[in-house]
Amino acid sequence: VQLQASGGGLVQAGGSLALTCAVSGSILSMSSMTWFRQAPGKEREMVAVITSGGRTDYADSVKGRFTISRDNAANTLGLQMDSLKPEDTAVYYCNANGVRTVMAVRDYWGKGTQVTVSS
């Protein structure tokens with residue numbers, strides 16, 4: 001099972017970016033999927049989470065600006081980021097929780113994608 005995040009880049013404050021995380025492999029099911037981010041010198045923090053049923057939750061700092069989505073059939077996770085601020089600058093990681101394969105149930109992480117917001 002592999003997670004591949006893409007869509008990061010450099011954008012001016014007030015702009016938008018859309019991140020995508022593609023999950024590949026022989027997956028039977030997944031529970032929740034989450035976007036995390038880690039800024040330099042700071043701990044990794046949860047940005048947004050979506051359950052298999054579509055319930056969502058967001059960090060207070062991104063509510064109203066970010067929208068998380070998932071396509072269960074295609075095993076993809078999305079994050080639409082609008083009204084970006086310099087403090088959103090970080091490496092963004094996707095996480096898949098409770099991934100069930102024929103071998104086991106475990107969590108997986110993707111490699112991060114850099115988001116840089118200039119002022």
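This section describes the fold, core, disulfide and two buried residues of a predicted model.

The secondary structure comprises zero helices and eleven strands. From the N terminus on, the order of elements is β-β-β-β-β-β-β-β-β-β-β. The chain has 119 residues, for which a compact globule would have a radius of gyration near 14 Å. The computed value for the protein is 14 Å, in agreement with that expectation. The C-alpha trace spans about 50 × 25 × 25 Å along its principal axes. Buried residues account for 41% of the 119 residues. The accessible surface totals about 6300 Å². Carbon and sulfur atoms contribute 47% of that surface. Contacts between residues at least 6 apart in sequence were also examined. Of these, 52% join residues at least 24 apart.

The largest nonpolar core contains 32 residues. W35, L79, M81 and Y92 have the most contacts inside this core. Eight elements are listed as giving two or more residues to it: strand 1, strand 3 (17-24), strand 4, strand 5 (45-50), strand 7 (66-71), strand 8 (76-81), strand 9 (90-100) and strand 11 (113-118). Strand 9 gives the most, with five residues. Beyond its neighbours within four places in sequence, M81 is in contact with G15, S16, L17, L19, R65, F66, Y92 and V115. Y92 thus appears among the contacts of M81 and among the residues with the most contacts inside the core.

One disulfide was found. It joins C21 and C94, with the sulfur atoms 2.1 Å apart. The torsion about the S-S bond is about 60 degrees, so the disulfide is right-handed. C21 lies in strand 3 and C94 in strand 9, so the pair ties together parts that are 73 residues apart in sequence. Both ends of the bridge are shielded: C21 is buried at 0% relative accessibility, and C94 is buried with a relative accessible area of 0%.

L3 lies beside this bridge in terms of contacts. The residue is placed in strand 1 (residues 2-6). L3 is buried, with a relative accessible area of 8%. Leaving aside neighbours within four places in sequence, L3 is in contact with both cysteines, C21 and C94. The other partners of L3 are A22, V23, N95, A96, Y108, W109, G110 and K111. T20 is 17 residues from L3 in sequence. The C-alpha atoms of L3 and T20 are 10.0 Å apart in space.

R37 presents a buried charged-type side chain in strand 4 (residues 33-38). The relative accessible area of R37 is 5%, under the 20% cut-off, so the residue counts as buried. The side chain of R37 makes two polar contacts listed here. One is with the side chain of D88, at 3.0 Å. Another is with the side chain of Y92, at 2.9 Å. Residues up to four places away in sequence are not counted in the wider contact list of R37. That list holds E43, R44, E45, V47, S61, V62, F66, E87, D88, A90, V91 and Y92. F66 is in contact with M81 as well. Y92 therefore links the two descriptions: R37 reaches its side chain through a polar contact, and M81 touches Y92 too.

Technical notes: Residues numbered from 1 in each chain as written. Predicted model: local features only at pLDDT ≥ 70, side-chain atom pairs only at ≥ 80, totals over all residues. Heavy atoms only, no water. Helix = DSSP H or I, 4+ residues; strand = E, 2+ residues; numbered from the N terminus. Buried < 20%, exposed > 50% of the residue type's maximum accessible area, 1.4 Å probe, protein only. Polar contact = N/O pair within 3.5 Å; in protein donor to acceptor, adjacent residues only side chain to side chain. Contact = heavy atoms within 4.5 Å. Core = buried A, V, L, I, M, F, W, Y, C linked by side-chain atoms within 4.5 Å. Disulfide = S-S within 2.5 Å. Rg over C-alpha atoms; globule rule 2.2 N^0.38 Å. Areas by Shrake-Rupley, 256 points an atom, 1.4 Å probe, with all protein chains shown as cover.
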